[in-house]
Amino acid sequence: MLENIIIIVILAAIILGIVLYLYKSKKNGAACIGCPYAKKCNGKCNGSCSNARSNNSNSSK
């Protein structure tokens, strides 16, 4: 019984941490949370961010 409570508390803390991270990132202006160029994108990060394309093409030269 005590083990179940400990596991539930740990999982709740992890979920709370994730939610707070997402909230803080959105509040700070990140359009796409998972995108490394989130603050530079125009808010349409679907894997084809113009900043990511320009940086990737520069690094391949």
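Start by selecting Tyr21, which lies in helix α1. Bear in mind that this is a predicted model.

Now widen the selection to the whole of α1, residues 2-27. How far apart are its end C-alpha atoms? They are 37 Å apart. At 1.5 Å a residue, the 26 residues should span 38 Å, so the two values agree.

Next, show the surface and return to Tyr21. Tyr21 helps to make a nonpolar surface patch of about 1200 Å². Colour the other members too. Met1, Leu2, Ile5, Ile6 and Ile7 belong to the patch. So do Val9, Ile10, Leu11 and Ile14. Ile18 and Leu22 complete the list.

Move along to Ser25, another residue of helix α1. Is Ser25 buried or exposed? Ser25 counts as buried, because its relative accessibility is 14% and the cut-off for buried is under 20%. Which residues does Ser25 touch, leaving aside neighbours within four places in sequence? Select Ala30 and Ile33: Ser25 is in contact with both.

Stop at Gly29, just after α1. Check the backbone here. Gly29 takes a positive phi of about 100 degrees.

Finally, zoom out to the whole protein. Switch to a cartoon view. The secondary structure comes to two helices and zero strands. The protein has 61 residues, and 15% of them count as buried. Ser25, from the earlier stop, counts as buried. Turn the surface back on for the last view. The protein exposes about 5100 Å². Carbon and sulfur atoms supply 63% of that area.

How values were computed: Residues are numbered from 1 along each chain as its sequence is written. This is a predicted model: local features need pLDDT of at least 70, side-chain atom pairs count only at pLDDT 80 or more; totals for chains, interfaces and linings use all residues. Side-chain values use heavy atoms; hydrogens and water are left out. Helices (H or I, at least four residues) and strands (E, at least two) are DSSP runs, numbered from the N terminus. The expected span of a helix is 1.5 Å times one less than its number of residues. Patches are made of residues with over 30% relative accessible area and no salt bridge: like charges are joined within 9 Å, nonpolar side chains (Val, Leu, Ile, Met, Phe, Trp, Tyr) within 5 Å. Accessible areas come from the Shrake-Rupley method with a 1.4 Å probe; for residues, only the protein chains shown count as cover. A salt bridge is a side-chain nitrogen of Lys or Arg within 4 Å of a carboxyl oxygen of Asp or Glu. Buried means under 20% relative accessible area, exposed over 50%, partly exposed in between (1.4 Å probe, protein chains only). Contact means heavy atoms within 4.5 Å.
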